[in-house]
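Work through the exercises below with the sequence and the 3D structure open beside you. Try each task before you read its solution.

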Amino acid sequence: MSNDGATAVSNVAIAVIGDGCAGLSFAAQSENLPNHTMHLFSPQPNSPKNNHVWGYWQMDWMKFVAPLTFKTWYKWSVITADTEVEMQACHHPYKAVKRDGWLAHCRKNAKQNGVQFHNDMSSIAEFSNERVFDSRPPKWRANMMVQHFLGWEVRADAGSFKDGTAILMDFRCDQSRGVHFIYCLPFSDSEALVESTLLSPNIERDEFYEGAISTWLSDCAGINRFEVLRSEQGAIPLGLMKRHDPNYHGIGGNCGAIRPSSGYAFSFIQKQIAVALSRVASGKELSFSTPHKKIDLFMDRVFLSVLRNQPHYAPTLFAAMAARLTGDEFAIFLSGEANIKLRLKVITAMPVWPFVRALFRMEAVASG
Ligand SMILES: Cc1cc2nc3c(=O)[nH]c(=O)nc-3n(C[C@H](O)[C@H](O)[C@H](O)COP(=O)(O)OP(=O)(O)OC[C@H]3O[C@@H](n4cnc5c(N)ncnc54)[C@H](O)[C@@H]3O)c2cc1C
């Protein structure tokens with residue numbers, strides 16, 4: 001069953017648990033995994049109610065996703081009570097793909113590649129634990145920071161939205177419960193996804209997010225008449241977590257793919273899979289690892305500490321970063337591809353004291 005070294009030719013049976021983003025994205029690429037037979041276990045199938053939009057920045061490893069995207073923005077903005085920063089990208093636009101469309105595409109490719117699907121876990125014991133890759137969600141730590149949100153896809157009168165510009169963060173909303181912003185992806189001048197997003201340890205009642213969306217639509221976008229076409233909701237844990245089952249290897253969010261400072265995962269999962277496949281192509285064992293660099297994880301830890309303990313700084317920090325970077329630099333930084341020069345540019349755009357306080361606080365927690 002081993003495929004150690006470049007000389008191995010025997011067939012390796014592997015099992016993947018979960019048919020979400022990581023499980024199906026990986027299964028769709030099984031043709032790039034010669035000498036392996038893949039079995040996908042989905043004991044808790046995805047519900048169509050889980051459909052939502054994945055936003056990501058175009059990067060080299062995402063080129064194969066592009067044909068399935070339904071909207072691309074070269075401009076995006078960060079808005080606070082005092083300022084509006086619009087950024088423009090040339091090479092790394094922001095793109096949107098629908099979860100159900102992407103998963104259906106992956107499932108079709110996986111079936112064509114001969115991946116075998118199982119609706120229950122009864123035969124998982126036939127695989128050695130070393131050959132099982134588990135994408136079920138990792139275990140949350142108590143009181144951890146969470147990105148939680150509720151979004152409405154709305155239809156309003158023509159001319160209601162500026163559809164060439166995505167609003168990544170508009171902080172003109174209630175800041176009393178943690179870092180709170182409105183995320184607005186305009187699909188056309190009359191339809192948009194409008195999300196109320198919080199970064200805090202406490203999930204709010206639906207009415208809180210719904211009230212924030214309605215207030216933003218009327219007070220900031222000047223829209224009083226609209227129809228809700230669809231809603232989506234989520235809670236993404238931010239920070240390091242333990243694997244769902246320590247007996248199995250992880251993949252996806254269960255293997256550190258969620259970026260701790262932003263909650264973005266879609267692009268990082270594709271990157272994680274691309275790295276794993278290239279390792280196999282160079283003769284190594286199949287294995288997955290976090291797609292984030294150590295330096296990014298450290299910077300994210302400090303940044304999260306600022307957001308958690310000094311949330312009132314959030315509008316200033318995000319607006320300062322947006323003002324200092326070009327659209328392409330912003331996309332590269334958030335996609336984990338920054339070089340030292342770009343990291344320094346981000347660091348020097350930030351006010352010093354919130355970060356010094358956060359570092360001391362982290363130090364005190366670590367030694368206390
Ligand atoms: C509404 C919403 C919007 C989002 N928007 C974005 C975005 O714009 N950009 C971005 O990058 N990321 C976004 N994310 C985050 C991203 O979608 C997730 O982090 C990503 O789906 C993680 O992929 P995964 O394969 O690790 O987990 P999942 O896609 O959640 O797959 C996990 C699989 O495990 C199965 N499962 C779960 N529990 C069990 C169990 N106990 N037993 C058996 N099976 C189980 C599930 O059915 C599922 O098939 C969003 C998330 C949500 C919920």
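**Exercise 1. Find which residues of helix H2 are buried, and work out how they are arranged around the helix.**

Solution. In H2, the buried residues are Leu-103, Cys-106, Arg-107 and Ala-110, where buried means that 20 or more other C-beta atoms, placed from the backbone, lie within 10 Å of a residue's own, while 12 or fewer make it exposed and values in between make it partly exposed. Seen down the axis of H2, these buried residues fall within an arc of 105 degrees, so they line one face of the helix; the arc is that of the directions from the helix axis to the C-beta atoms. On the face turned away from this buried side, H2 carries the exposed residues Lys-108 and Gln-112. The next step is to look at the partners: the buried residues of H2 pack against helix H1 (21-27) and strand S2 (36-41). Helices (H or I, at least four residues) and strands (E, at least two) are DSSP runs, numbered from the N terminus.

Before going on, note what kind of model this is. It is a predicted model, in which local features need pLDDT of at least 70 and side-chain atom pairs count only at pLDDT 80 or more, whereas totals for chains, interfaces and linings use all residues. Residues are numbered from 1 along each chain as its sequence is written.

**Exercise 2. Check the length of H2 against the span expected for its residues.**

Solution. The expected span is 1.5 Å times one less than the number of residues. For the 14 residues of H2 (residues 99-112) this should give 20 Å, and the end C-alpha atoms are 20 Å apart, which agrees. After the helix comes Gly-114, whose phi is positive, near 90 degrees.

**Exercise 3. Decide where the ligand lies with respect to domain 1 and domain 2.**

Solution. Begin with the shell, which has 31 residues around the ligand, the closest being Gly-18, Gly-20, Gly-234, Gly-252 and Gly-253; a residue counts if its C-beta atom, placed from the backbone, lies within 6 Å. Then take the domains, whose bounds come from an automatic or database domain assignment. Domain 1 (12-69 + 97-140 + 239-281) and domain 2 (146-237) both give residues to the shell, so the ligand lies between them.

**Exercise 4. Describe the surroundings of Ser-267.**

Solution. Ser-267 lies in helix H4 and is buried, with 24 other C-beta atoms within 10 Å. Trp-54 is 213 residues away from Ser-267 in sequence, yet the two are 9.0 Å apart in space, C-alpha to C-alpha.

Note on methods
Contact = placed C-beta atoms within 7 Å.
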